[in-house]
Amino acid sequence: MYISSKGNYGLRAVLDLALHYGEGVVQSAEIASRQDIPESYLVQLLNPLRNAGLVRSVRGRKGGHELIRRPEEITVGAVLEVLEGPVQLAAEDKEGADGAPDVLRDVYEEMEAAVEEVLATVTFGDLCRKYRLQSGHIVFRI
């Protein structure tokens, strides 16, 4: 599986919004600056995420973006599917070059299942906790 710059930037943008969840809207310029994403490209990423019901955008001088759902409710896979489409690792052919069954296909299918499992279970809440632990910005909530 290859994650394009579109997917990578999109994941970083959603992580930024997740890290600021509950603080109100975050301006595009702030996300772009913190995540080193060209602002014009960021807008192109946020539009499909908004259309998919993951992000809310507010126009105006005090406008910006925020997650619609809690970070714990948004998986990495959900964001990647919006931006990249469905995960696909397995080869299309079920037969090898000589017409025999392709035994490698089983390996590809197992790899695809493992990747899908990770994408379906890792949430942005998980990523926020990991980020805060690794950066020393530990936040205790009661």
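**Exercise 1.** Is Asp36 buried or exposed? Locate the residue and describe its backbone as well.

*Solution.* The model is predicted. Step one is location: Asp36 is found in the loop between α2 and α3 (39-51). Step two is accessibility: the relative accessible area of Asp36 is 62%, and the cut-off for exposed is over 50%, so Asp36 is classed as exposed. Step three is the backbone: phi of Asp36 is positive, about 55°, although the residue is not a glycine. For comparison, most residues other than glycine have a negative phi.

**Exercise 2.** Determine how Gln35 is placed with respect to helix α1 (residues 5-19).

*Solution.* Begin with the element: Gln35 belongs to helix α2 (residues 28-35). Its relative accessibility is 15%, and buried means under 20%; Gln35 therefore counts as buried. Next, list its contacts: leaving aside residues up to four places away in sequence, Gln35 touches Arg12 and Asp16. Finally, consider the helix pair. The axes of α1 and α2 lie 10 Å apart, and the two helices pack at an angle of about 115°. On the α1 side the contact is made by Arg12, Ala13, Asp16 and Leu17, and on the α2 side by Ile31, Arg34 and Gln35. The crossing of α1 past α2 is right-handed.

**Exercise 3.** Which salt bridges does Arg70 form with Glu72 and Glu73, and which network includes these residues?

*Solution.* First, take the pairs. Arg70 and Glu72 meet through their side chains at 3.4 Å, N to O; for Arg70 and Glu73 the corresponding distance is 3.7 Å. Both pairs are salt bridges, the limit being 4 Å. Second, assess exposure: Arg70 is partly exposed at 41% relative accessibility, as are Glu72 at 35% and Glu73 at 42%. Third, follow the shared partners: salt bridges join Arg70, Glu72, Glu73, Asp126 and Arg129 into one network.

**Exercise 4.** Which parts of the chain are linked by the salt bridge between Glu66 and Arg56?

*Solution.* The closest N and O atoms of Glu66 and Arg56 are 2.4 Å apart. Glu66 lies in strand β2 (residues 64-67) and Arg56 in strand β1 (residues 55-58); the pair, 10 residues apart, links distant parts of the chain. Arg56 is partly exposed, at 40% relative accessibility. In total, the model has seven salt bridges.

**Exercise 5.** Which residues make the nonpolar surface patch of about 360 Å²?

*Solution.* The patch consists of Val103, Leu104, Val107 and Met111. Val103 is in the loop between α4 (76-84) and α5 (104-121), and its 63% relative accessibility makes it exposed.

Note on methods: Residues are numbered from 1 along each chain as its sequence is written. This is a predicted model: local features need pLDDT of at least 70, side-chain atom pairs count only at pLDDT 80 or more; totals for chains, interfaces and linings use all residues. Side-chain values use heavy atoms; hydrogens and water are left out. Patches are made of residues with over 30% relative accessible area and no salt bridge: like charges are joined within 9 Å, nonpolar side chains (Val, Leu, Ile, Met, Phe, Trp, Tyr) within 5 Å. Accessible areas come from the Shrake-Rupley method with a 1.4 Å probe; for residues, only the protein chains shown count as cover. Helices (H or I, at least four residues) and strands (E, at least two) are DSSP runs, numbered from the N terminus. Buried means under 20% relative accessible area, exposed over 50%, partly exposed in between (1.4 Å probe, protein chains only). Contact means heavy atoms within 4.5 Å. Axes are lines fitted to C-alpha atoms, for helices over the stretch in contact, and angles run from 0 to 180 degrees between N-to-C directions. A crossing is left-handed if the near helix is turned anticlockwise from the far one by less than a right angle, and right-handed if clockwise.
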